[in-house]
Amino acid sequence: MRRYGKHTDEDDIRSRPNRKGNRPRTHIRPKHEDASEGLVLTVDRGRLTCLVEDRTVFAMKARELGRKAAVVGDRVAIVGDLSGQKDTLARIVRIEKRTSVLRRTADDDDPYERVVVANADQLAVVTALADPEPRPRLIDRCLVAAYDGGLTPLLVLTKSDLAPPDKLLELYGDLDIPYVVTSREELENGKAADRVREQLAGRITAFVGHSGVGKTTLVNALVPEERRRSTGLVNAVTGRGRHTTTSALALPLAGVEGWVVDTPGVRSFGLHHVDPSRVILAFPDLGPGTEGCPRACSHDEPDCALDAWVAEGHADPARLYSLRRLLATRQHTEGD
């Protein structure tokens, strides 16, 4: 039923008054072309600490970003009060495109992935050679996450004074992963930090490892101005350390260009999100051999073309074994 006549003007149209006295909302959002660039250093309960030029700025995520979250390492656009003074708060209005993403899930059957670090160049997997014992399955999972996310892996083996590194290094020899072996004495006199720092110069490196391996102690040695509480305590019953780092934090390296990102100790590293086709990218010598693989090949099945490729002498069989061992970690738990 038509309420108004054919010829109406504005006076004939009934409009609702705006009780708040402000302008009606619009779907047009500002572009914030004058926003400043910032680097997310840490996130704590929705409040982000960012580096803007040479100032530390506290910020909140703008409403227009919706459910998109910023994480440590993100390059973001910030507006508002950028003075960095006490009780000031800016707004993050844009998250720039990421070059790499380190992700994990709580378990292999958990579809919810968590972004740990963005835009890192390298993943340093820290593991002790003893006290607690090495967990190769967890190392494998970290390597898979690195390859999947576009990060270059680095092995950092600690506590070599308690056990030799030969057996563990032999397990990863065919992967051509760079490594650094340190002892507790070297960690105390600074030699360990110097050798690790050589591998980190000019890069953003995320550190991961389960509790008690000396990860945060090493970070403290690399960034002495920003010491974090270390553990040094390993449960005598479980052989595992206690968590002391509760949130990821990006810190500038001392003496050279580069950043380290200290992450909380992990006891599980789910790989529900990993696509096997991305892991193969870390094996360029095997990549051409997958052209004859069936669709959605897991690269560990009877019809996989990689078997014939290796048998014809195009690649080392040990490399194929290493690839399949990494891919198989998705079917096993870290404690194996």
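Here is a short chat about confidence, salt bridges and one covered helix in this predicted model.

Colleague: Which element has the lowest mean pLDDT?

Modeller: The chain averages a pLDDT of 83, and 81% of the residues score at least 70. Among the elements, strand E10 (residues 179–181) sits at the top with a mean of 97. At the other end, with a mean of 78, is helix H6.

Colleague: Where is the pLDDT below 50?

Modeller: That stretch does have 32 contacts in the model beyond near neighbours in sequence. Still, where pLDDT is low, the predicted coordinates should not be read in detail. The stretch is residues 229–244.

Colleague: Arg184 forms a salt bridge with which residue?

Modeller: Arg184 lies in helix H3, and its partner is in the loop between strand E9 and helix H2, so the pair ties together parts 23 residues apart in sequence. The closest N and O atoms are 3.1 Å apart. The partner is Asp161.

Colleague: In the Arg197 and Asp194 salt bridge, is Arg197 buried or exposed?

Modeller: Both residues lie in helix H4, three residues apart, about one turn of the helix. Asp194 is partly exposed at 43% relative accessible area. Arg197 has 13% relative accessibility, and the cut-off for buried is under 20%, so Arg197 counts as buried.

Colleague: Which residues are linked with Arg324 in a network of salt bridges?

Modeller: Arg324, in helix H8, pairs with a residue in the loop between H6 and helix H7, 24 residues away. In that pair, the closest N and O atoms are 3.9 Å apart. The network links Arg324 with Asp300 and Asp307.

Conventions:
Residues numbered from 1 in each chain as written. Predicted model: local features only at pLDDT ≥ 70, side-chain atom pairs only at ≥ 80, totals over all residues. Heavy atoms only, no water. pLDDT = per-residue confidence, 0-100. Helix = DSSP H or I, 4+ residues; strand = E, 2+ residues; numbered from the N terminus. Contact = heavy atoms within 4.5 Å. Salt bridge = Lys/Arg side-chain N within 4 Å of Asp/Glu carboxyl O. Buried < 20%, exposed > 50% of the residue type's maximum accessible area, 1.4 Å probe, protein only.
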